[in-house]
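Please open the model in your viewer and keep the sequence panel beside it. The tour below moves from one selection to the next and says what is found at each stop.

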Amino acid sequence: NAGTEADVYISVYGERGDTGSRQLLRSQKSKKFLKGQTDIFAVEAVHLGHLYKIVIGHNGLGSGNGWFLDKVVIKDPITDLDYTFLCHRWLDQGQDDGNIVRELAVTDASTLPGRQELELKREETWAAEKWKFQKGNTLQFYNRLTHGFICLNPDSRVDALGDKKNKYGKVFFMWIYA
C-alpha cells in the first residue's frame with residue numbers, strides 16, 4: 001500500500017526559472033507509482049540551468065491515494081548531470097504529517113553550482129586547521145549545554161571531564177553548538 005493511483009504533479013526549479021506544475025502522465029512502466037517500482041518520465045522544458053528544488057505531490061483522488069516516495073532523480077540531458085532529491089516520506093493525508101505535497105531541495109552536492117569554490121574553501125580551511133590534529137596534540141571540546149569538556153588525548157584516551165588545569169599546553173578548544 002505504498003503506491004498511489006492519484007494524479008502526480010511535479011514542478012522543477014532552477015537558476016533560470018521553473019517548469020510550472022506538470023502532471024507525470026506516461027511512465028516507461030505499464031502501471032505507474034507502484035510500491036518498490038522505479039518510474040521514468042520524460043518532461044519537456046526549457047533549460048533551467050542548475051536545479052535546486054522540486055515540488056512534488058498528488059491530487060489525493062482515487063482509492064489508495066497515499067504514496068511513499070523514496071527519491072526523485074532528474075537527469076539533465078544538456079549538462080549530463082544528475083540531480084537527486086531525497087524524500088523518504090509519505091504523501092498521504094492519513095500518514096506521517098498528512099501532507100500530499102512535498103518541497104524537496106537538491107541533495108547531491110556534486111551538482112551544486114560553485115562546487116569547485118566550495119572544495120577550494122574546504123582545502124584552505126583544512127590547511128589552516130590540520131596542525132591541531134597532529135600527533136601529540138590534545139583536543140578539548142566544550143559543550144555549552146552541559147558546560148563540560150571532552151578531552152581527546154594523544155594516547156587515544158577520552159576524558160569526559162577534560163583537563164582544565166593545562167591552560168597553556170597543546171590544548172585546542174572547539175565549541176560545538178547543539
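A residue counts as buried when its relative accessible area is under 20%, and this cut-off is needed at the first stop of this tour through a predicted model.

Begin by selecting Thr4, which lies in the segment before β1. Because its relative accessibility is 6%, Thr4 counts as buried. If you then show its surroundings, leaving aside residues up to four places away in sequence, you will find that Thr4 touches Lys32, Phe33, Gly64, Asn65, Gly66 and Trp67. Add Leu91 to the selection: although Thr4 and Leu91 are 87 residues apart along the chain, their C-alpha atoms are separated by 9.4 Å.

Next, turn to the largest pocket, whose volume is about 1100 Å³. It is lined by 36 residues, and those closest to its centre are Asp39, Phe41, Val72, Val73 and Ile74. Colour β1 (8–14), β4 (51–58) and β5 (67–76), since each of these strands supplies at least two residues of the lining; β5 gives the most, with ten residues. By residue type, the lining divides into 23 nonpolar, seven polar and six charged residues.

Finally, select β9 (residues 148–152), where Phe149 and Cys151 point to one face and are buried, while Gly148, Ile150 and Leu152 point to the other and are not. Now add β10 (residues 158–159), which pairs with β9 in the antiparallel sense over two bridges, and look for Asp159, the bridge partner of Cys151. Between the two strands of this hairpin there are five residues, and Ser156 takes a positive phi near 75 degrees.

Conventions:
Residues are numbered from 1 along each chain as its sequence is written. This is a predicted model: local features need pLDDT of at least 70, side-chain atom pairs count only at pLDDT 80 or more; totals for chains, interfaces and linings use all residues. Side-chain values use heavy atoms; hydrogens and water are left out. On a 1 Å grid over the protein atoms alone, a cavity is a set of points where a 1.4 Å probe fits but cannot get out, and a pocket is an open set with protein on both sides within 12 Å along at least five of seven lines; lining residues have an atom within 4 Å of a point. Grid points are joined across faces, edges and corners, and a volume is the space filled by probe spheres set on the points. Helices (H or I, at least four residues) and strands (E, at least two) are DSSP runs, numbered from the N terminus. Ala, Val, Leu, Ile, Met, Phe, Trp, Tyr, Cys and Pro count as nonpolar, Asp, Glu, Lys and Arg as charged, and the others, Gly among them, as polar. Buried means under 20% relative accessible area, exposed over 50%, partly exposed in between (1.4 Å probe, protein chains only). Contact means heavy atoms within 4.5 Å. Two strands pair if DSSP finds at least two bridges between them.
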